[in-house]
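Biologist: Could you take me through one helix of this model up close, and then show me how it sits in the rest of the assembly?

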Number of protein chains: 2
Amino acid sequence: MAAAVAADGGAALAAWRALLGEDRVVTEAATLDRYAASTSAWSTRPLAVLRPRDTEEVAAVARIAGSERVPLYPISAGRNWGYGDACAYRDGHAIVDLSGMNRILEADATLAYVVIEPGVTQKQLSDYLREHDLPLWMDCTGAGPDTSLMGNILERGFGHSPYGNRFQSVAGMEVVLADGEVVHTGFGHFPASVNRRVYQYGVGPYVDGLFTQSNLGIVTSLGLWLMPKTAALNHFLCMVDEHADIGPVIDALRPLRLDGTLRSILHIGNDLRVISGGTTYPRELAGDTVPLADAVRRQLRAAAGVGAWTVSGALYGSSGQVALARRALRKALAATGARVQFLDERKLDLAAAAARLLGNSAPGRRLAAKVALGRSLFEMNRGIPNGRFLAGAYWRRRGGLPPGFPAGANPALDNCGMLWVSPVLPMRGADLLRVHALAEPIFRTHGFDLFVTFSMINERALGGVLTVAYDKEDAAEAARALVCYRQLFATMMEAGYIPYRVGLQSMAALDSGTDSYWRMVGRIKAALDPAGIIAPGRYAQNKEG
Amino acid sequence: MAAAVAADGGAALAAWRALLGEDRVVTEAATLDRYAASTSAWSTRPLAVLRPRDTEEVAAVARIAGSERVPLYPISAGRNWGYGDACAYRDGHAIVDLSGMNRILEADATLAYVVIEPGVTQKQLSDYLREHDLPLWMDCTGAGPDTSLMGNILERGFGHSPYGNRFQSVAGMEVVLADGEVVHTGFGHFPASVNRRVYQYGVGPYVDGLFTQSNLGIVTSLGLWLMPKTAALNHFLCMVDEHADIGPVIDALRPLRLDGTLRSILHIGNDLRVISGGTTYPRELAGDTVPLADAVRRQLRAAAGVGAWTVSGALYGSSGQVALARRALRKALAATGARVQFLDERKLDLAAAAARLLGNSAPGRRLAAKVALGRSLFEMNRGIPNGRFLAGAYWRRRGGLPPGFPAGANPALDNCGMLWVSPVLPMRGADLLRVHALAEPIFRTHGFDLFVTFSMINERALGGVLTVAYDKEDAAEAARALVCYRQLFATMMEAGYIPYRVGLQSMAALDSGTDSYWRMVGRIKAALDPAGIIAPGRYAQNKEG
């Protein structure tokens, strides 16, 4: 069956206006431009932006889309930066903007969960937990306060805490199918159930995974498990000076991640990834030469006090458990030559006092900046989101960081150029070095600096995020960025380091055409959405039996 | 579309014989009787038993079934006791017995996983790990050495260790669909992938859950994460004398399970659940009166040295971590009045020596029995399965435990009567007491003793297993057992304690007919298996759009 194609969409718009009112069906050019903004080369312009306020309205929106054959593209906060932003796969789809559905429907301190709608942002839940004095911490990503929790979870994103493998914390979804049918997963479809938020699978096939990285339905709420606050929290940093030295560090850390001594997601960034958190491309030192000359890079490293690689992570537990973990970490890393630093709040307070004593001198400012970074890390590890970790997106942006950064930071609207490739690696030093060795010459050839973070996203895998950061106002550089991205993507696929997530520009590259997994997914798509109403082109393609 | 119905199946049998050879298509009456054996009132007799040896044969078997319209019923080891055993939903289906597909396809000590086929038993993997000196422990259930790991995992069973929430340890499945198409999930469908066993979700919709508690495909292999051996292991027991005292114990333990101090699955059994592990129904004391009189029950408790409830669990980690957990447990339970005992191997050795000194006296025999039980628990917590925990199934069996028990124990073939109801509860003392209060009068009314275990199957839920154990040779008692079971099941459903898993006899009771979850699952079933070839009646029913 052919997928839905928007004609002029006039009848659909009229029906949506009758349903939602004029002000929640937006077709004004300036608004559509804003939704078309993208950090990537892939940008599409919607037919309209629809703003339903509850599940019934979402269902009615879908039914109209089905009868009028206009594709929908649901977004939460629309901040899927680097992976397609708020853009549909093609022009002319109707964006279903769920950011107005932002209720926290339930919060349970005893069983440690909340139930949230798509529009609930990191900041909103974080504030809620503190205002209501709940003994719970939210898992944070570095994508800033205004991003949607659900949007990231449904993309199977990851954060920083022991609950950082976010999909594992989902218990019970409400989903609107293409025909407007509302499905509750887990035990939620049994009206009497008292156990829907404490157990994920329900009885019968466990379907929640179908609605992640998918276009099979529109998720309108979900149960989210949160971690109980712990008595102690330490942050640790571990640095190696030389590139090759990170291999043995991975192999030394893996057993501690596997055995549960390290319960949270560690992030391992190269020098530029760390440096770019505090500054943009140093045109004053480097002019317009990219990639940075080695000498400049070493100068930046020295100024920032970082090595070739920095491991950053947190230890959670009772003070006794944290002390044991500290000791185990020190012992494991002793033979690697890595420098390990532990940071607790007492140390931060002391450093802050020292910075005040040093005043407005250069060392004083450097120390104050480090204290501020440390505080942000601590806060993030305790569920308080911070926009400063978005700074990397602005690396090549003309004019650097916008005034007031990080408040209101939005890389898409701020015209940042950024493309992400996210290969998954076995958690072994040799794999990290291999992926780096494959990527580095590609970046160099196309004239880009390689920014990369490898995160210990579970007990056995590293999730790499390789950033192609480019100057969007330079058309030649933007074109080079896309070529660099495509070569990088193809190289990782060929080497078997398949990505955990892709941007719109790579959806089509995932399906060889003879792949039985995608054929099966396509058959499921055809069964649940035969006309291809929900987000056509996004991951699943309709395929008839 | 109508589901497949076996006519006489002659053409299918001929085609399967051509494919597999005469000896792997069994229609001999004695064999069919054996596959029809069941611990429950629900028993069906198959058309034939097919024994494919590899994935290609499974696919060819499915294609023949499709063209000849004979339903298939795949089993692993066929030991789904209490939930339907090896029986299909209806008579006349062809059992696809996968027990001959029992290869361990891969084992990786560094990344801590194996890849197994459906026939791999608990004993087989356990032996393999020790023979190859791999530093890994398997999660065990109490269902004995000869049960299939995959069979239990696909039913979303749970074990005892930190990896006891077994489905969470699955990374990558190979699945045969009804039309014979072979699908690899996770990253496995990308031929080059080097990351398929270290990350579960792949890219695109995460589908593995679809093949659990399901009839959507036949799983022919899966990746299974295993836990690294830990330096220390303690077993602990915690008892309360009076029934109501278990409530506060649950509430005291929950924070420790939530914060990760208790990483494994704790089991909380009532007195009879513990007593029935060592003996069958005491006809010599109680005659034929069921339920047991309170006085007899107290006498049995005293003889076994157990209270009204016993909590059993294990502490894993470094010796420091285990010591901290011991202290935290003692502290948490101090106010509850529960008696806590920790058991390490040194204590077991001392007790064994004492038992030897006491010799064949009554106290000596009692102590020796306790030592033997302790050793079995330790072994199970380290991945060595033991059949002794099956003894409960034999409670009402005439003639008691069979000679040589537990070697070769098979409750279905040994004519045990057993039905299980498995409600999921929020992990709160009040819920445990409520479920018990709902169940107890139902058992009493129908003349049965209530055996129950509540297991901390994740950080927020208790999985209850309520056993109706009955004398299968007594037709009146067997009939009463079914009535008791049905009333119990309906009561739990009404109270909202929906079960995590059901036997064949309750499949139809899960779908009210207007439930949008089951309708969606039915549409997926219709898309993937339009003729209803795979296990019709099992969880998903075909429903056209």
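Modeller: Sure, and keep in mind that this is a predicted model. Let's take α3(B), where the buried residues are Glu57(B), Val58(B), Val61(B), Ala62(B), Ile64(B), Ala65(B), Gly66(B) and Glu68(B). An α-helix has 3.6 residues a turn, so residues three or four places apart point the same way. You can follow that kind of spacing here, for instance from Val58(B) to Val61(B) and on to Ala65(B), which are among the buried ones.

The helix itself runs over residues 55-68 of chain B, 14 residues in all. From first C-alpha to last, α3(B) reaches 20 Å, close to the 20 Å expected at 1.5 Å a residue. What do its buried residues pack against? Quite a mix: the helix α1 (10-20), plus the strands β2 (48-50), β3 (72-75), β4 (94-97), β8 (170-176) and β10 (218-225), all of chain B. Just past the end of α3(B) comes Arg69(B), with a positive phi of about 60°.

One of those partners, β2, leads us to a neighbouring loop: Arg45(B) sits in the stretch between α2 (29-36) and β2 of chain B. Arg45(B) has 15 C-beta neighbours inside 10 Å, so it counts as partly exposed. Setting aside residues within four places in sequence, its contacts are Leu32(B), Ala36(B) and Asp91(B). Its C-alpha is 9.7 Å from that of Ala29(B), although 16 residues separate the two along the chain.

For a second helix to hold against α3(B), try α12(B), residues 362-381. It has 20 residues and reaches 29 Å from first C-alpha to last, close to the 28 Å expected at 1.5 Å a residue. Its buried residues are Val371(B), Leu377(B), Met380(B) and Asn381(B), and their cover includes β12 (232-240), β14 (309-317) and α11 (345-358) of chain B. Here too a positive phi follows the helix, this time near 85° at Gly383(B).

Now for the core. The largest nonpolar core has 341 residues, and Leu226(A) and Leu226(B) have the most contacts inside it. Not counting residues up to four places away in sequence, Leu226(B) touches Ala112(B), Tyr113(B), Val114(B), Leu136(B), Trp137(B), Met138(B) and Tyr163(B).

Stepping back, how do the two chains relate? A turn of 180° with a shift of 0.0 Å along the axis lays chain B on chain A with an RMSD of 0.0 Å. The two copies are thus related as by a two-fold rotation axis. Both use the same surface, with 100% of the contact residues of chain B recurring in chain A.

At that interface, 78 residues of chain B are in contact with 78 residues of chain A. On chain B's side, β9 (182-184), α6 (246-258), α10 (319-333), β17 (424-426), α14 (475-495) and α15 (516-528) each supply at least two residues. The largest share, nine residues, comes from α15(B). By class, that side has 47 nonpolar, 20 polar and 11 charged residues.

As for chain A as a whole, its secondary structure comes to 15 helices and 19 strands. Its radius of gyration is 23 Å, close to the 24 Å that the globule rule gives for 545 residues, so chain A is as compact as a globular protein of that length. Of those 545 residues, 57% count as buried.

Technical notes:
Residues numbered from 1 in each chain as written. Chains lettered and ligands numbered in written order. Predicted model: local features only at pLDDT ≥ 70, side-chain atom pairs only at ≥ 80, totals over all residues. Helix = DSSP H or I, 4+ residues; strand = E, 2+ residues; numbered from the N terminus. Expected span 1.5 Å × (residues − 1). Buried ≥ 20, exposed ≤ 12 C-beta atoms within 10 Å, placed from the backbone. Contact = placed C-beta atoms within 7 Å. Least-squares fit on C-alpha atoms with pLDDT ≥ 70 in both. Core = buried A, V, L, I, M, F, W, Y, C linked by C-beta atoms within 7 Å. Rg over C-alpha atoms; globule rule 2.2 N^0.38 Å. Nonpolar A, V, L, I, M, F, W, Y, C, P; charged D, E, K, R; others polar.
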